[in-house]
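This briefing covers one structure and groups its features by topic. The sequence and the model come first.

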Amino acid sequence: MSGAGRGVTPGAEPEAGQGGSAASPGPGQDQPASADPSLDHGAEAADPGQADSGATAETSGPAEDGAGAPAGGQSSQPAGRRGRRKRSFWREFPVLVVIALLLAVVIKTYAIQAFFIPSGSMENTLEINDRVLVNKLVYDVRSIHRGDIVVFNGDGSWDPGTAPRNTNFVVKFGQGFASMFGFGHPGDILIKRVIGLPGDKVACCDAQGRVTVNGVPLNEQSYLYPGDSPSEIRFNIVVPPGRLWVMGDHRLISDDSRNHLGEPGGGTIPENAVIGRAFVIIWPPSRWRILPIPATFQQPKLNAAAPPAAQDTAGLLSARLEPSSPFLPLALGFAVAVPVTWLQRCARLRFARRRTARRAPPGRPPAM
């Protein structure tokens, strides 16, 4: 009987051989015996097909995430991912600007502010067009010292009844935000040197023409304008509690405590009107220097108290200040905002990668 009589179609044996599980039919084998290998072959043929499709899915995974990989198995950075990164940057840029602006307002309102010197009442320590940095935090850490160069609000400073009132955190922030854009009332900002603290007896002059504090003469040649005498006005006052006696370094043209002796407070200013301490000249570069407390104010005898005495009068120029450009607080704001934004972005991306890795199917690497 021919092979067709045994029910075997031509080419069946090669297919079984490809499956690798069916042997050549031996003599005496009937058709039912040859059906089992064909079924096994079908099952085995399905497994490689599924494996191939799985492999195809694995290799096509990265191609779905971005541009296709070049031939030869070498991968390149997907153009789609670069586009997403650019879009991510432009989405985060407004957040960076807002953070920097808020930090600038906080720095300017509560920490450091630059001021412009428009007059010569503090020469030669401070010259016209100098820019100084004022530390607003220093007096939260320590008290005001004799010899400090202080910036204060001149609105009502010579009159205790109209002295500036302390404002809370929110009000200060609102005022600082408004002043960043030229709104609000900055006040009559002045700059002088502190000569007498509350309770000090300040007088002029002794036999050598020097200003005395608690009977101790001050040697002021290191900071007085060349040719100026310590004072051409006679005065003798005990500084009231909560107030300061201030004078300019260019005594001949300075409108300071001496010119307001007849007013309430005897020419002194309230401590709560002080904005901060000028501690460095930042502009022009040729004038850069720290503003230390002169050595004459380090005398231990200055801390001795003295009884009250009489008063006198006179006057001229006041060193009114103008807030400098907001460039410095904005620059400081960006300097702080950039690393803060970068760190939060890195943390967010790391969290996203971990979440993607947990959701990835077993046996398939997460998309990078």
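Does Arg 142 count as buried, partly exposed or exposed, and what is its relative accessibility? Arg 142 counts as partly exposed, at 23% relative accessibility. The model is a predicted one, and the points below take up its salt bridges, disulfide, nonpolar core, sheet and a surface patch.

**Salt bridges**

- The count of salt bridges comes to 9.
- Arg 142 pairs with Asp 148 through their side chains, with an N to O distance of 3.2 Å. The partner Asp 148 counts as buried, at 0% relative accessibility, whereas Arg 142 is partly exposed.
- Glu 220 and Arg 251 form another salt bridge, and their closest N and O atoms are 2.8 Å apart. Glu 220 lies in the loop between β7 (216-217) and β8, and Arg 251 in the loop between β9 and β10 (269-270), so this pair ties together parts that are 31 residues apart in sequence.
- Arg 251 is buried because its relative accessible area of 4% falls under 20%. Glu 220 is buried as well, with a relative accessible area of 2%.
- A further salt bridge joins Asp 256 to Arg 258, with 2.9 Å between the closest N and O atoms. Both Asp 256 and Arg 258 are buried.
- A network of salt bridges links Glu 127, Asp 130 and Arg 287.

**Disulfide**

- A search of the whole structure finds 1 disulfide.
- Cys 204 and Cys 205 form this disulfide, and their sulfur atoms are 1.5 Å apart.
- Cys 204 is buried, with a relative accessible area of 7%.
- Cys 205 has a relative accessible area of 19%, and it counts as buried because the cut-off is under 20%.

**Nonpolar core**

- The largest nonpolar core has 18 residues. The members that touch the most others are Ile 195, Val 202, Val 211, Leu 218, Phe 235 and Trp 245.
- At least two residues of this core come from each of the strands β5 (201-204), β6 (211-213), β8 (235-238) and β9 (243-247).
- In soluble globular proteins, nonpolar side chains tend to be buried together.

**Sheet**

- Four strands form an open sheet in the order β7-β6-β5-β8, and their pairing is antiparallel. The edge strands β7 and β8 each pair on one side only.
- Strands β6 and β7 run antiparallel and are joined by 2 bridges. Thr 212 stands opposite Pro 217 in β7.
- Strands of a sheet pair through backbone hydrogen bonds, either parallel or antiparallel.
- Strands β5, β6 and β8 of this sheet order also each supply at least two residues of the largest nonpolar core.

**Surface patch**

- Trp 90, Phe 93 and Val 97 make a nonpolar surface patch of about 290 Å².
- Val 97 is placed in helix α3 (residues 79-111).
- Val 97 has a relative accessible area of 31% and is partly exposed. Val 97 qualifies for a patch because this value of 31% is over the 30% required.

Conventions: Residues numbered from 1 in each chain as written. Predicted model: local features only at pLDDT ≥ 70, side-chain atom pairs only at ≥ 80, totals over all residues. Heavy atoms only, no water. Disulfide = S-S within 2.5 Å. Buried < 20%, exposed > 50% of the residue type's maximum accessible area, 1.4 Å probe, protein only. Core = buried A, V, L, I, M, F, W, Y, C linked by side-chain atoms within 4.5 Å. Salt bridge = Lys/Arg side-chain N within 4 Å of Asp/Glu carboxyl O. Pairing = 2+ DSSP bridges. Patch = residues over 30% accessible without salt bridge, like charges linked within 9 Å, V, L, I, M, F, W, Y side chains within 5 Å. Areas by Shrake-Rupley, 256 points an atom, 1.4 Å probe, with all protein chains shown as cover.
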